[in-house]
Amino acid sequence: MQPGLYQILFISTALFFIGAYGFFTRRNLITMLMSVELILNSVNLNFIAFNKYLWPDKLDGLFFTIFVIAIAAAEAAVAIAIIINLYRSHHSIDVEQAEEMKY
Amino acid sequence: MNGSTIIFYLLAALTLGSGLLAVTTRQIFRSAIFLLFSLIGIAGLYFWMQYEFIAAVQIVVYVGGITVLIIFSIFLTQQAGEKLAKPKIGRQIFSALAAFCGFALIMTQVLKHNFNASSEEALPPTVVNIGTQMLGVDDGGYSLPFEVVSILLLAALIGCIVIALRSKPETT
C-alpha cells in the first residue's frame, strides 16, 4: 500500500494516544514529561503531513511546527528546573508526594 | 512495494514501537533511550516527506537538546538501578481502554473524511522560502510570531534561572 496522508495520520494518532496512555499511567514527573513530548511530536507530524499533502503551495504548517518545537523546548527546560527544585526539597519526584505544592 | 514504501513502514515501526516501549518500560533510563529512538524515527519521517529543514531542527532540538536534558535530570533525581513502581492494574486497564477508544474514534472519523488537496503550484520547503516568509512583514509573513517566540524563550530562560537559584539561607 502506497503511504500517503492516511498512513501518516494513523502514525500520528497512534503516537498521540501512546503518549496519553503514558501520561495516565506514569506517576513519575520525568516520565510524564516524556509522554508530553511524544504528544507534541505527534501534533508536529500532523501539521507537516497536512502541509505536504493538502496545501503544498503554502508553508503555514511548517511554521506552526517550528513554533511548537520552540515552545516545547522552553516548556521542557522550565519543567525540568521545577522538577529538580522539587527533588531538592522533597527528595522525590512522584506526583502523589508533590500535591502539597497546591497550597 | 518499492524502496520508499519499505523505508516508510520501517520508520513507522521504529517510531511506534519505541514510543510504546518508552511509556511502558519500568527502568527510567531505558525509557529515555526509547524516547530518543522514537524522536529519531519522527525525524526520519520528516526526511521521508522531504522536509529536510524540519528534520534537521527535530534532530538538533529534540534528539540533541531535550533528550540530553531529560537524561541529565534522571541522573540528578533517580537512584541508580531502582525500578519505577508498577502502576495499579486497574489504572493500566482503564488507561489502555481510554487510549484505545480515543484512537478508534479519531481513526474512524479520519477514514470517513474525504480530504481535498489544493491544486495550486507547489512551493518547495527550501530554507530560502522558509526564511523569506518567516521574517516577512507583508501578508502571510510570520515576523510577529517569531518575535513573540523570541520573547517567550527569553522569559523561559530567566524563569529557569530564577527557579534554579538556590535561595540563600536567612542571615539575621
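I looked first at how helix 2 (residues 28-48) of chain B packs on helix 3 (52-77) of chain B, and in this predicted model the two pack at an angle of about 175 degrees with their axes 8 Å apart. Here axes are lines fitted to C-alpha atoms, for helices over the stretch in contact, and angles run from 0 to 180 degrees between N-to-C directions; helices are DSSP runs (H or I, at least four residues) numbered from the N terminus. Helix 2 and helix 3 of chain B are therefore roughly antiparallel to each other, a label for angles over 145 degrees.

I then listed the residues that meet, contact being C-beta atoms, placed from the backbone, within 7 Å. Helix 2 of chain B brings residues including Leu35(B), Leu39(B) and Phe47(B), and helix 3 of chain B brings residues including Ile59(B), Tyr62(B) and Ile70(B). The residues of this contact divide into 19 nonpolar, two polar and one charged, where Ala, Val, Leu, Ile, Met, Phe, Trp, Tyr, Cys and Pro count as nonpolar, Asp, Glu, Lys and Arg as charged, and the others, Gly among them, as polar.

I noted for my own bearings that residues are numbered from 1 along each chain as its sequence is written, and that chains are lettered from A and ligands numbered from 1 in the order in which they are written. Because the model is predicted, local features need pLDDT of at least 70 and side-chain atom pairs count only at pLDDT 80 or more, while totals for chains, interfaces and linings use all residues.

Next I turned to the other partner of helix 2 of chain B, helix 1 (residues 3-24) of chain B, and found that their axes come within 8 Å and cross at roughly 155 degrees. That makes helix 1 of chain B roughly antiparallel to helix 2 of chain B. Among the residues that meet are Phe8(B) and Leu14(B) in helix 1 of chain B, and Phe34(B) and Trp48(B) in helix 2 of chain B. This contact divides into 12 nonpolar, seven polar and no charged residues.

What lies in the loop between helix 2 and helix 3 of chain B? I found Tyr51(B) there, and Gln50(B) as well. Tyr51(B) counts as buried because it has 23 C-beta neighbours inside 10 Å, the cut-off for buried being 20 or more and for exposed 12 or fewer. Leaving aside neighbours within four places in sequence, Tyr51(B) is in contact with Ile48(A), Leu62(A), Tyr46(B) and Pro125(B). Gln50(B), with 10 C-beta neighbours inside 10 Å, counts as exposed, and its phi is near 65 degrees, a positive value in a residue other than glycine. Most residues other than glycine have a negative phi.

I then asked how many residues each chain gives to the contact between chain B and chain A. Chain B gives 68 residues and chain A gives 58 residues. Helix 4 (89-112) of chain B is one of the elements on the side of chain B that touches chain A, and it gives the most, with 12 residues. That side divides into 50 nonpolar, 15 polar and three charged residues.

I closed with two helices and their burial. Of the 24 residues of helix 4 of chain B, two are buried, so it lies largely in the open. In helix 2 (residues 29-53) of chain A, 20 of the 25 residues are buried, so that helix is largely enclosed by the rest of the structure.

Conventions: Parallel < 35°, antiparallel > 145°, perpendicular 65-115°, else oblique. Contact = placed C-beta atoms within 7 Å. Expected span 1.5 Å × (residues − 1).
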